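Have the model open beside you and follow along from one sheet to the other, with a few stops at single residues. A viewer that lets you pick residues by number will do.

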Amino acid sequence: MTKKRIMSVFGTRPEAIKMAPLVKALAEREGFESICCLTGQHREMLDSVMQIFKLEADYDLDIMEKSQTLSKITTKTLLGMEQVIAEAKPDLILVHGDTTTTFAGALSAFYHQVPVGHVEAGLRTFDKLSPFPEEMNRNLVGKIADLHFSPTLANAENLRREQLAGEIFITGNTVIDAMKYTVSDEFKFTDPKLNELDFEGKKVIVMTCHRRENYGEPMAAIMRAVRRLAEANPDVQIVYPVHLSPVVQNAAHGELDGIANVLLTEPVDVEQMHNLMARSYLVLTDSGGLQEEAPSLGKPVLVMRKETERPEAIAAGTAKLLGVDEETIVTETQRLLDDPAAYEQMAKAVNPYGDGNACERICDAIAWYFGLKAERPEDFNA
């Protein structure tokens, strides 16, 4: 029997984290040949994930350049994918989530009439400019995809309301699968300052803040709030791996430099971040992925954004949407520091994003699609 050639296309660190366990699961399945194509939309951060998961790319477009625009990312991916598709002749192309690589990869597959599977399909804020450009990217990929792999029932219902063509599967989120590879009690951080943190004696808050829509006054308000929290709680340690964006660097260092209990570090890889969260007290973030990852570790997540495409975490009680108001961030964070009952309510809520078997469900769905499996896989039910 000729194996079905399944090509996974990704180019950023968040995509790589969530696609790596799927690439590995596909490689272990009879009937599939797993092909990995990187665009290199991110470079160093992407490469570190590949090393952690012990993966090697079959193709690497290496498109990244300094101050790259969305148009450059899209066009360079489209042009690079032409040659890759012609050579690899994939039977299915998998893309993940909502990056510009995701959109360009799906569009290229469509141009070459190759079926598309969309991993992490159906997330919506219903505001095309927030997050930008992610919300429109995932909408456009939804129009192209033949297979939609939705993490949750709510994501699947979004797609059904849009009456999209193709098969919809509820799989859970592959990021929960990824954490099987990354979190360990014996883990040692590469940064000596992280190894020196008193995780037992202090409440450690892990923070991320980098989203484009928070640039300007929203980010300034977030930094002021964090400064106030640090100064009001000397027994709390705040750890902030600062994104490499000059805008973020300036905002973070301008407000938070010199505060004894705020540690600003270089960006950390996925393995470091997962283990940092595992030992933390709570997570302050404007990220998307951390809203899924932290609850699986029993850590409350306070989301510093005006909206989220992950409402399941809010509904389940594992996350709370704060917006970007300085007073709200201070008040809600302080509440979790002071109120054990409020903290426990969030920490013990059931994670709606998966049970660690999303990749198996996706592999089963692909096998069913190609007639290699008789029964359609059952949907994940949180």
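Strand 8 (residues 203-208) runs parallel to strand 11, and four bridges join the two. Across that pairing, methionine 207 sits opposite leucine 284 in strand 11. A quick word on what you're looking at: this is a predicted model, where local features need pLDDT of at least 70, side-chain atom pairs count only at pLDDT 80 or more, and totals for chains, interfaces and linings use all residues. Residues are numbered from 1 along each chain as its sequence is written, and side-chain values use heavy atoms, with hydrogens and water left out.

Some bookkeeping on terms helps too. Strands (E, at least two residues) and helices (H or I, at least four) are DSSP runs numbered from the N terminus, and two strands pair if DSSP finds at least two bridges between them.

On its other pairing, strand 11 (residues 282-285) is joined to strand 12 (residues 301-303) by three bridges, again parallel. Here leucine 284 faces leucine 302 in strand 12. Which way do the side chains of strand 11 point? Leu282 and Leu284 go one way, Val283 and Thr285 go the other way, and all are buried; buried means under 20% relative accessible area, exposed over 50%, and partly exposed in between (1.4 Å probe, protein chains only).

Zoom out and these strands belong to an open sheet of six, in the order 10-9-8-11-12-13, with parallel pairing. Strand 10 (262-265) and strand 13 (319-321) are the edges; each has a single partner strand, so one side of each is left without a neighbour in the sheet. From one strand to the next, the twist averages 20°, with axes taken as lines fitted to C-alpha atoms (for helices, over the stretch in contact) and angles running from 0 to 180 degrees between N-to-C directions. Helix 10 (residues 246-256) lies across strand 9 (236-241) and strand 10, at about 155° to strand 10.

Now for the other sheet. This open sheet has seven strands in the order 3-2-1-4-5-6-7, with parallel pairing. Its edges are strand 3 (59-60) and strand 7 (167-170), each with a single partner strand, so one side of each has no neighbour in the sheet. Strand 2 (residues 32-38) runs parallel to strand 3, joined by two bridges, and cysteine 37 stands opposite tyrosine 59 in strand 3. Helix 4 (residues 100-111) lies across strand 1, strand 4 (92-96) and strand 5 (116-119), at about 165° to strand 4.

Three buried residues are worth clicking on. The contacts in the table leave out residues up to four places away in sequence, and contact means heavy atoms within 4.5 Å.

| Residue | Relative accessible area | Touches |
|---|---|---|
| Glycine 11 | 0% | Thr39, Gly40, Gln41, His42, Leu46 and Thr101 |
| Asparagine 137 | 6% | Asp98, Thr99, Thr100 and Phe103 |
| Valine 226 | 1% | Met207, Ile238 and Leu256 |

Where do they sit? Glycine 11 is in the loop between strand 1 (4-10) and helix 1 (13-27), asparagine 137 is in helix 5 (residues 134-144), and valine 226 is in helix 9 (residues 217-232). For a sense of distance, the C-alpha atoms of glycine 11 and glutamine 345 are 37 Å apart, with their positions 334 residues apart along the chain. Valine 226 and valine 114 are 112 residues apart in sequence and 47 Å apart in space, C-alpha to C-alpha.

Helix 7 (residues 174-182) is mostly covered, with seven of its nine residues buried. Those are Thr174, Val175, Ile176, Asp177, Ala178, Met179 and Thr182. Their packing partners are helix 1, helix 2 (44-52), strand 5, helix 11 (270-278), helix 12 (290-296) and helix 16 (358-369).

How many cavities of 30 Å³ or more does a search of the whole structure find? Just one. The largest cavity has a volume of about 30 Å³, and its lining consists of Val119, Glu120, Phe149, Pro151, Thr171, Gly172, Asn173, Thr174 and Ile362. A cavity here is a set of points on a 1 Å grid over the protein atoms alone where a 1.4 Å probe fits but cannot get out, and lining residues have an atom within 4 Å of a point. The volume is the space filled by probe spheres set on the points.

Key
On a 1 Å grid over the protein atoms alone, a cavity is a set of points where a 1.4 Å probe fits but cannot get out, and a pocket is an open set with protein on both sides within 12 Å along at least five of seven lines; lining residues have an atom within 4 Å of a point.
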